[in-house]
Amino acid sequence: MTTLVRNAWYVAAWSREIDDELRRFTILGDHILLYRRKDGTVVALEDRCPHRLLPLSKGKRIGDAVQCGYHGLTFGPDGKCTRVPGQDKIPPSAYVESYPIEERHGIVWIWMGEPHRADPAKIFDLPQFTDPNWHAHQGDALHLESNYLNVAENLVDPAHVSFVHPTTLGNSASENVPVHVSTEGETITAWRWIRDAEPIGFFKAFGGFEGNVDRWHYYHLHLPSIAVIDFGSADAADQIAEDDRDSGNRVLALHFMTPVDEGYTIDRWMHLRNTAVDTEEASEKIDAMFRIAFAEDKAILEAVHAEEQRPMKRRPIRIAIDRGPMVYRKRINDMLETERTLDASAETNASFVYHD
Amino acid sequence: MTTLVRNAWYVAAWSREIDDELRRFTILGDHILLYRRKDGTVVALEDRCPHRLLPLSKGKRIGDAVQCGYHGLTFGPDGKCTRVPGQDKIPPSAYVESYPIEERHGIVWIWMGEPHRADPAKIFDLPQFTDPNWHAHQGDALHLESNYLNVAENLVDPAHVSFVHPTTLGNSASENVPVHVSTEGETITAWRWIRDAEPIGFFKAFGGFEGNVDRWHYYHLHLPSIAVIDFGSADAADQIAEDDRDSGNRVLALHFMTPVDEGYTIDRWMHLRNTAVDTEEASEKIDAMFRIAFAEDKAILEAVHAEEQRPMKRRPIRIAIDRGPMVYRKRINDMLETERTLDASAETNASFVYHD
Amino acid sequence: MTTLVRNAWYVAAWSREIDDELRRFTILGDHILLYRRKDGTVVALEDRCPHRLLPLSKGKRIGDAVQCGYHGLTFGPDGKCTRVPGQDKIPPSAYVESYPIEERHGIVWIWMGEPHRADPAKIFDLPQFTDPNWHAHQGDALHLESNYLNVAENLVDPAHVSFVHPTTLGNSASENVPVHVSTEGETITAWRWIRDAEPIGFFKAFGGFEGNVDRWHYYHLHLPSIAVIDFGSADAADQIAEDDRDSGNRVLALHFMTPVDEGYTIDRWMHLRNTAVDTEEASEKIDAMFRIAFAEDKAILEAVHAEEQRPMKRRPIRIAIDRGPMVYRKRINDMLETERTLDASAETNASFVYHD
C-alpha cells in the first residue's frame with residue numbers, strides 16, 4: 001500500500017534549478033517536465049507524450065510549447081495539444097496532464113493531488129522569509145535512498161541528535177532530557193530545553209559561546225513532510241523565557257522533503273537566522289556544519305530503509321522518546337485513509353496494461 | 001503474454017560472427033550455441049547440458065562434437081549424445097535441441113519454431129543480392145534495450161524521420177506529406193513521395209544533388225521483423241515515374257531485427273545500392289550516416305520501452321500517421337494468437353520448476 | 001521453498017577474521033554482528049536494533065556491550081538491552097537474538113537453529129588437527145554466486161575432476177574409473193582408486209613422483225555442508241592397501257561451506273598433510289594449486305546456478321556418476337522436511353510485514 005500523500009503542496013525544486021531547458025523531475029513516482037515560459041513562470045507537465053509515450057523532456061521548445069521528439073506532436077504550457085503532424089484535426093485525447101505550480105521566496109511548489117483541490121493559501125510560509133531582521137539561505141538537495149516517512153520522522157525526533165550528531169547538533173548533556181510533544185492543526189511539535197549545559201558544537205563554532213547555555217530544540221513537523229527546526233542558545237545567566245527565543249542566537253532549519261518514490265526522498269534544506277544577517281560567511285559556516293550532520297542522518301536512514309525491506313520476525317518496539325514519530329505516523333495513516341476513500345468514490349481511476 | 005513469434009526464420013548472426021569457437025547467442029530468450037563444423041557449415045544447439053545444465057559453450061570442441069566442461073558428456077552436431085563418461089549406455093534423454101540453420105549471402109538464418117515446420121523456401125531474399133548492377137554491404141549489429149515491436153514499428157513509420165533524423169534521413173519538407181499504406185501477403189508497405197523538394201542530408205552528401213529532387217521512401221515490413229527501406233532521389237526535372245526508381249539514386253536499407261528477449265533487440269542492418277557499386281568508400285560514407293541516424297532511433301526506442309514498463313492511466317492515442325504501425329501490430333497479434341492455438345493443442349509443452 | 005538447513009553448526013569465520021571491531025556477516029540470510037569481548041571470546045548477535053532496525057554494526061562498542069548508533073539503546077553480549085535513553089524501565093521486548101558460538105582450531109562455529117538444540121559435541125572435528133605428524137593450514141574464503149547444494153554436490157562428485165581440473169586435480173586416466181558410494185550416519189562418501197597411472201599435476205608438482213602411482217580420492221561429505229577430500233598418491237610399485245594411505249603422500253582438503261543465502265555461498269577451505277609438515281613453502285604451493293582448481297569450480301558452479309534460475313522444459317537427466325550427489329540431495333531433502341515439521345509444530349514463528 002502506498003505511503004505517499006497526493007493532496008499536498010510539495011517543493012518541486014529550488015527556483016535556481018529550473019530554467020529554459022526541458023528537465024525531468026520525479027515526484028511521488030510521476031515523471032514531470034519542468035521549464036520556464038519566456039515570461040519566467042514555471043510550467044509543469046506530465047513527461048510523456050500520449051501518442052508513443054516518449055518523454056517530452058527529450059523533445060524541444062517551440063516558443064512556450066514543447067514539441068515531442070518522435071513525431072512532432074506539440075503541447076502548450078497548459079498541456080493541450082496544438083499540433084499533430086500529418087492531420088488537421090486534433091483529437092480531444094491529445095493532451096498531457098498539467099500540475100498547479102506556485103513560486104515564492106525562491107521555491108517552486110507543486111500540487112500533486114486533484115488540480116481542483118489546489119489552494120495556494122495552504123502553501124507553507126513563514127514571516128521570517130521577508131523579515132529584514134532575518135537572513136534566509138538555501139542549502140542543498142540531499143538525496144536519500146529511504147522512504148520519506150523515515151526522513152520526516154527523524155525530524156520530529158530530538159532524541160537522536162545525541163547519538164547521531166555528537167560533534168555538531170547534539171552532545172551527551174541531552175541524552176536523558178525528556179521530550180514534550182503537542183499537535184496543533186496539521187503541525188506536530190516535539191521540543192525540549194536543556195538548561196545550563198555545555199553548548200553543542202554548532203553554537204561553539206557559530207555563536208561563540210564559552211560558558212554554559214540554555215539550549216532549545218523545537219521540531220515542528222508540518223504534514224505531510226515539511227520540518228522546521230527552531231533551535232538556538234542563550235547565555236545560561238540570562239535565563240530567557242521559552243517565548244523569548246529571539247533574544248538568543250536563533251536558527252530555523254527548514255527541510256522540504258519530496259518523495260521521489262516509495263524508496264527515495266529528496267530533502268531540500270535551508271536555514272534562516274536572526275544574527276549575522278549581513279554576512280554570507282555565516283551561511284557557509286552553517287551549511288558546512290549541516291552537511292556533516294545530514295550525511296550522518298543519511299547513513300542511518302538508508303540503513304533503516306534497507307532493513308525495512310527484509311523479512312521481520314518481530315514487530316519493532318516503541319519507546320518513550322518515540323512520541324513525536326508515533327503521532328506523526330498515526331496522522332499520515334489518517335491522511336492516506338482519507339485519500340483511499342476519495343479514490344474509491346472517484347470513477348476516473350481505471351488503470352490498465354498497455355500490452356494486452 | 002509473450003510478444004515473440006516463434007515460427008519464423010530470424011537472422012542469428014552475420015556469417016562473419018561465427019567460426020570454430022563455441023559462442024553463445026540469445027534469441028527469443030533461448031541460449032543457443034553456434035559454431036562451424038570442419039566443413040564450414042553452421043551448427044546451432046541448445047546451450048545447456050541436459051545433465052547439470054552447464055552451458056555447452058563453456059565446454060570444448062572434440063572434432064565436430066562438443067564436450068561438456070563439467071562431466072564430459074559429448075554431443076554431436078545433431079544434438080545427440082555420443083558419450084557419457086562412467087557408463088556404456090547412453091540414455092535416450094541425453095540430447096540437446098538442435099535448430100534448423102541456413103546460410104545465404106553472408107547471413108546465418110535460424111528457425112525458432114517447431115523444426116518440422118522449417119521451410120528454407122520462406123527465407124527472406126532479394127534479387128539485388130546477386131545482381132551485378134548492385135552492391136551489397138553489411139553494416140553493424142545495433143543493440144537496443146527495447147521490445148522488437150517498437151523497433152520494427154519504427155521502420156514502417158515514415159513520419160518520424162522529420163523529427164528524429166532532421167540532419168540525415170528527413171527534413172521539414174516531409175512533415176505534412178501523407179503516407180500510403182498497403183499490405184500484400186506477409187509484407188506491409190508504407191510509402192510516400194516528396195516531389196520537387198530540397199534533398200535530405202543523406203543525398204546531399206551521397207548523391208551530390210544541388211537542386212530540388214523527387215524523393216521516395218518505401219518502408220516494406222516483412223512479418224515478423226525484417227524491414228526493407230527503399231529510398232532514393234532523382235533530379236526533380238526528370239519527373240520519374242514511381243516504378244522507375246532504378247533510374248535514380250536508389251538505396252535499399254535492410255534491417256534484420258532479432259528479439260533477444262521481450263526487452264532487448266539486435267538490429268543487424270545492411271544496405272544495397274545501384275550507384276557507386278565499385279567503391280567501398282561509398283559504403284563507409286553510408287555506414288557513417290546510418291550510424292548517426294540509428295543512434296537517434298535507439299535513444300527514442302529505449303526511452304519508449306522504459307515508459308511502457310511504467311503504470312499507465314490512459315490508453316495511448318493513435319493518429320493518422322500510425323496506419324503502418326497499426327496494421328503491423330494487428331498482424332503480429334494474429335500470428336501470436338495462431339501460435340497460442342498451436343501450443344494449446346500440443347501436449348509436449350509441460351514446464352516445471354527444478355527445485356521443488 | 002528454502003534449501004537451507006538451520007539446525008546445524010556452520011563456520012561463521014576463520015578466527016583471524018574477527019576482532020574488536022563490529023562486523024556484519026550474513027549466514028542463512030540472517031545479518032549477524034560478530035565481535036570479540038575483551039576476554040577474546042566471540043559474540044554473535046542479531047544485527048538489527050529492535051527499535052528502529054538500524055544494524056548494530058553501525059553503532060559502537062561500550063565495553064563488551066554495543067550501543068545502537070541511532071538512539072543509543074545498548075545491548076550486552078547476551079543480547080539483552082541494558083539501557084534505553086529517555087526512560088528508566090527497560091521493556092522485555094528490548095533484546096536481540098544471540099547465537100551459540102564455539103571456537104576451535106582457529107575456526108569460529110555458529111549454531112543457526114533453535115539455541116536449545118545446540119550441542120558442541122556435534123561440531124566437526126578431526127584427530128589430525130592436533131596430531132604432530134600432520135600440518136594444518138588455512139586457505140581462503142571463496143565466494144560463489146551459487147546455491148550451496150551445487151557447491152557441496154561438486155565435492156561428492158569425483159567424476160568432474162577429469163574435465164574441470166585437467167591440469168591440477170584430475171587427468172584423463174580417471175575418466176572412466178567407476179565411483180563407489182556409501183553412507184555412514186551423517187556422512188556420505190564417494191571414492192575411487194586409480195591404480196598404476198600417471199600422477200596428476202598436483203602430485204607431480206608437490207609429491208615429486210616420476211613414474212606411475214596408485215592414486216585415491218575419498219570425498220566425505222558431512223551433512224549439511226562440510227567436505228573432507230582425502231586424496232593422495234603412492235608409488236605404484238608399493239601396491240599399498242586402501243587403509244594404509246598414511247604410508248603415501250596424503251592430503252586432507254577441507255571445505256566449510258556456509259550459505260549466505262539461497263544464491264550465494266562462502267567456501268572456507270583449508271588443508272592438512274602428512275608430509276613436509278615443517279615447511280610453510282609446501283602450504284603455499286598447495287594453496288596456489290588449489291586456487292587454480294577452485295576458480296575452475298567457481299566458474300562452473302556459478303554458470304550452473306544461473307541456468308537453474310531460468311525456465312526448464314525438461315527435467316535434468318541423472319547418470320551413473322551421480323550416485324554421490326543423488327544420495328546427498330535425498331538426505332538434504334529429508335533434513336529440510338524434518339525442519340518444516342518442527343516449524344509447523346512451533347507457535348513462535350509468526351511473521352508479519354512492518355508497513356501495514
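**Exercise 1. A pair within one helix**

In which helix of chain C do C:E302 and C:K298 both lie, and how many residues apart are they?

*Solution.* The model is a predicted one, and the work begins with the position of the two residues. Both C:E302 and C:K298 belong to helix 4 of chain C, where they stand four residues apart, about one turn of the helix. The next step is to look at their side chains, which form a salt bridge whose closest N and O atoms are 2.9 Å apart. Side chains of opposite charge can pair when their charged atoms come close. The last step is to class the accessibility of each partner, for which the partly exposed range runs between 20% and 50%. C:E302 has a relative accessible area of 21% and is therefore partly exposed, and C:K298, at 27%, also counts as partly exposed.

**Exercise 2. Two further salt bridges and a network**

Determine whether the partners in the salt bridges C:R310 with C:E307 and B:R23 with B:D19 are buried or partly exposed.

*Solution.* Begin with C:R310 and C:E307, whose closest N and O atoms are 3.8 Å apart, a distance to be judged against the salt-bridge limit of 4 Å. C:R310 counts as partly exposed because its relative accessibility is 25%, whereas C:E307 counts as buried because its value is 3%. Salt bridges with shared partners also join residues of two chains into one network, made up of A:R52, B:E153, B:E308, B:R318, B:D322 and B:R329.

Turn then to chain B, where the side chains of B:R23 and B:D19 meet at 2.9 Å, N to O. B:R23 is partly exposed at a relative accessible area of 31%, and B:D19 is partly exposed with a value of 31%. For the wider setting, a search of the whole structure gives 78 salt bridges over all chains.

**Exercise 3. The interface of chain C and chain B**

Describe the interface of chain C and chain B by its residues, its buried area and its polar pairs, and then state which elements of chain C contribute to it.

*Solution.* Count the residues first: 30 residues of chain C are in contact with 34 residues of chain B. The area buried between these chains is about 3,200 Å², with carbon and sulfur atoms giving 53% of it.

Next come the charged and polar pairs. Five salt bridges are found across this interface, and one between these chains joins B:R52 and C:E308, whose side chains meet at 3.5 Å, N to O. Residue pairs in polar contact between chain C and chain B, both at pLDDT 80 or more, number 15.

The elements can now be assigned. On the side of chain C that touches chain B, two or more residues each come from helix 1 (148-153), helix 2 (161-164) and helix 4 (280-308) of chain C. Helix 4 of chain C gives the most to this side, with six residues. Sorted by class, the side of chain C that touches chain B holds 14 nonpolar, four polar and 12 charged residues.

**Exercise 4. The interface of chain C and chain A**

Give the corresponding account for the contact between chain C and chain A.

*Solution.* Here the contact takes 34 residues from chain C and 30 residues from chain A. The buried area between chain C and chain A is about 3,200 Å², of which 53% comes from carbon and sulfur atoms. There are five salt bridges between these two chains, and A:R314 forms a salt bridge with C:E46, the closest N and O atoms being 2.8 Å apart. The rule finds 15 residue pairs in polar contact across the interface of chain C and chain A, both at pLDDT 80 or more. By class, the side of chain C that touches chain A has 14 nonpolar, 12 polar and eight charged residues.

**Exercise 5. The relation between two copies**

What turn and what shift along the axis lay chain C on chain B?

*Solution.* Two copies of a chain are related by a rotation about an axis and a shift along it. For chain C and chain B, a turn of 120° and a shift of 0.0 Å along the axis give an RMSD of 0.1 Å. The two copies are thus related as by a three-fold rotation axis. To place chain C with respect to this axis, take C:Q309, which comes closest of the residues of chain C, its C-alpha lying at 13 Å.

Conventions
Residues numbered from 1 in each chain as written. Chains lettered and ligands numbered in written order. Predicted model: local features only at pLDDT ≥ 70, side-chain atom pairs only at ≥ 80, totals over all residues. Heavy atoms only, no water. Contact = heavy atoms within 4.5 Å. Buried area = accessible area lost by both parts, 1.4 Å probe. Polar contact = N/O pair within 3.5 Å; in protein donor to acceptor, adjacent residues only side chain to side chain. Nonpolar A, V, L, I, M, F, W, Y, C, P; charged D, E, K, R; others polar. Least-squares fit on C-alpha atoms with pLDDT ≥ 70 in both. Buried < 20%, exposed > 50% of the residue type's maximum accessible area, 1.4 Å probe, protein only.
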